[in-house]
Amino acid sequence: MESVTPVYDKDELALAVFEANGRVMDEITKVIKNLKHEMYPQHATWTVGYWESMLGIKTNKNLSDAERIQKVLFELNKYFPITRNRMEQIVNVHVQNRNAKVIEDRGEYSFTIEIPSENVIITADIHRDVEEAKPAHLAYMISILAERVTGIIKTKQYTFNVPYPVTGTFRTAPINGIASKATAAAESKTYANPVPYPVTGTFVARDEPFVRLEGKAEDLRLERVDLWENRNLLLNSGFHSDLVYWANWGGDTVNRGVVDGKLGKKWVRLTSSGVGSFRGVSQVINSFEPNTEYTISFLAYAVTGPSVNFLIHQAGGGNNNPQIGTIITPISTEPKEISYTFRSVDDTSKGRFNFMIGGSYTSPFDIYIADIKFEKGSSSTQWQPAPQDGIVWYHPETIKLLEIDLYKSGTYLNSKFTWTEETPPGTSAIVEYSFDKVNWSKLTNGGSLPLKKYSSLVGKQLYIRQVLTTTDQRITPAIRNFKYVINDKEAIV
């Protein structure tokens with residue numbers, strides 16, 4: 001107004017023109033400022049399509065803007081040198097609260113990814129992107145940290161001693177017989193993985209998408225939990241989930257794979273046509289007690305090759321010493337049980353074992369290994385999976401129950417339930433669903449819920465149970481890789 005003739009400040013037409021011009025310039029200013037904001041993919045809204053086009057990402061408009069931005073960020077990030085901070089950025093693309101940490105194992109050619117359990121985590125995507133980004137010689141492990149968990153167990157009262165894996169043995173009633181509607185409170189040592197209870201069945205203290213939080217825990221590393229005597233410290237030691245939790249020991253001079261083999265078992269098959277060291281598979285065991293006897297046992301046989309080699313690092317305090325091995329055990333063409341006992345070093349700075357197993361250093365080999373057990377004690381016991389593997393010796397008609405909150409889902413659009421069954425002779429495994437825990441119907445593998453599209457889910461609870469039966473306690477059926485999708489959102493149990 002100071003730049004025009006004073007008469008115009010009292011002219012309504014002139015003032016209206018100035019006001020109109022000012023509003024246009026205000027809008028232009030907003031666009032310019034917003035464009036500067038949109039230049040960063042973390043803030044992209046209408047520009048996310050341009051980012052996808054530039055990076056060669058196929059546009060999927062069924063995904064939310066946040067999910068599309070995650071894919072853009074990963075593509076942008078993967079071309080930079082992989083430092084610890086860069087790896088954290090790659091992992092946190094798939095972690096809800098962006099609070100995952102990467103811990104380097106100094107001098108051990110490995111690192112640990114720690115993710116607090118309050119997040120919604122898509123571990124399959126994390127594994128894919130970490131494998132693509134990390135240097136080939138590094139191994140890694142993902143640890144889920146459970147926080148602030150307490151548990152309440154509602155049970156019948158028993159006048160005899162009841163052995164509980166978490167709290168030890170306790171008695172719940174002072175009178176003879178069994179009284180109903182009693183309550184027992186678990187002590188603070190609770191867990192974020194399924195725990196089998198003799199009285200109440202199995203309860204779970206873990207939060208999954210669409211799954212009600214049934215308990216809480218006190219800042220526990222799941223790998224450090226001892227649930228019962230002689231527990232197996234190795235995860236997926238029977239290779240029921242292919243090579244999940246197992247890293248490559250050594251380079252590409254050995255081929256690794258899981259096959260069905262002798263005795264009806266899953267075997268890791270290791271083959272190499274040359275000679276060399278460090279050729280097999282490995283796993284980090286996040287449990288260590290100083291000056292304690294440990295026993296390693298496994299089954300092995302060979303098509304060719306004279307031996308199985310294994311090596312144990314006692315890791316912590318900045319080194320892997322003292323190391324146990326290399327132990328060379330002759331093997332034949334028929335399965336042989338092998339065990340080895342050692343005492344851990346009396347050093348409180350040690351926090352974990354690095355366990356490595358493979359073929360001969362001095363010759364080609366084609367060997368098979370199954371049922372590996374790493375346990376406390378001076379002698380081997382019958383192979384059992386780790387408690388975290390979720391494989392239990394089931395009694396007839398044992399039921400595992402899953403409770404799903406649907407109130408966040410709004411109206412019903414679609415669903416799909418899939419799983420993998422293992423039913424040896426004399427066993428069976430079925431999945432059933434209910435909305436009231438009274439009326440149950442069988443669920444078809446690959447099928448959906450018989451709900452009318454657009455029907456309301458507000459306030460509804462969905463109950464899923466697995467009924468597993470066996471005529472022989474030494475043989476267990478199993479339901480693995482249980483996945484469900486509700487309104488296009490997937491959860492894995």
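Trainee: Which residues have the most contacts inside the largest nonpolar core?
Mentor: Good place to begin! This is a predicted model, and its largest nonpolar core has 31 residues. Strands that each supply at least two residues of this core include β15 (293-304), β19 (350-359) and β20 (365-376). Those with the most contacts inside the core are Phe298, Phe355, Ile357, Ile369, Ile372 and Phe374.

Trainee: How many residues are in the second, separate core?
Mentor: This core is separate from the one we just discussed. Among its members are Leu406, Leu443, Leu449 and Ile486. Its residue count is 19.

Trainee: What is Ile357 in contact with, leaving aside its neighbours within four places in sequence?
Mentor: Ile357 is one of the residues with the most contacts inside the largest core. Its partners include Trp249, Leu270, Val281 and Val308. Arg279, Gly280, Asn309 and Phe310 are on the list too. The remaining partners are Phe298, Ile369 and Ile372.

Trainee: Is His313 buried or exposed?
Mentor: Let's place His313 in strand β16 to start. Its relative accessible area is 13%, and the cut-off for that class is under 20%. Therefore His313 counts as buried.

Trainee: Which side chain makes a polar contact with that of His313?
Mentor: Leaving aside neighbours within four places in sequence, His313 is in contact with Asn320, Gln323, Arg352, Phe353, Asn354 and Met356. One of these has a side chain joined to that of His313 by a polar contact of 3.5 Å. That partner is Asn320.

Trainee: Where is Pro322 found?
Mentor: Pro322 has a feature to look for: the peptide bond from Asn321 to Pro322 is cis, with omega near -5°. As for its place, Pro322 is in the loop between β16 and β17 (324-330).

Trainee: Why does Asp371 count as buried?
Mentor: Asp371 sits in strand β20, and its phi is near 50°, a positive value in a residue other than glycine. Buried means under 20% relative accessible area. Asp371 is buried because its relative accessible area is 10%.

Trainee: Is Tyr454 buried or exposed?
Mentor: Tyr454 also has a positive phi, near 75°. You will find Tyr454 in the loop between β24 (441-442) and β25 (461-470). The relative accessibility of Tyr454 is 56%, and the cut-off is over 50%, so Tyr454 counts as exposed.

Trainee: What is the area of the nonpolar surface patch that includes Val17?
Mentor: Val17 lies in helix α1 (residues 12-38) and counts as partly exposed at 41% relative accessibility. Met1, Val7, Tyr8, Leu13, Leu15 and Phe18 make the patch together with Val17. The patch area is about 660 Å².

Definitions and conventions. Residues are numbered from 1 along each chain as its sequence is written. This is a predicted model: local features need pLDDT of at least 70, side-chain atom pairs count only at pLDDT 80 or more; totals for chains, interfaces and linings use all residues. Side-chain values use heavy atoms; hydrogens and water are left out. Patches are made of residues with over 30% relative accessible area and no salt bridge: like charges are joined within 9 Å, nonpolar side chains (Val, Leu, Ile, Met, Phe, Trp, Tyr) within 5 Å. Accessible areas come from the Shrake-Rupley method with a 1.4 Å probe; for residues, only the protein chains shown count as cover. A salt bridge is a side-chain nitrogen of Lys or Arg within 4 Å of a carboxyl oxygen of Asp or Glu. Helices (H or I, at least four residues) and strands (E, at least two) are DSSP runs, numbered from the N terminus. Buried means under 20% relative accessible area, exposed over 50%, partly exposed in between (1.4 Å probe, protein chains only). A nonpolar core is a set of buried Ala, Val, Leu, Ile, Met, Phe, Trp, Tyr and Cys residues joined through side-chain atoms within 4.5 Å. Contact means heavy atoms within 4.5 Å. A polar contact is a pair of N or O atoms within 3.5 Å; within protein, one must be able to donate a hydrogen and the other to accept it, and residues adjacent in sequence count only if both atoms are side-chain atoms.
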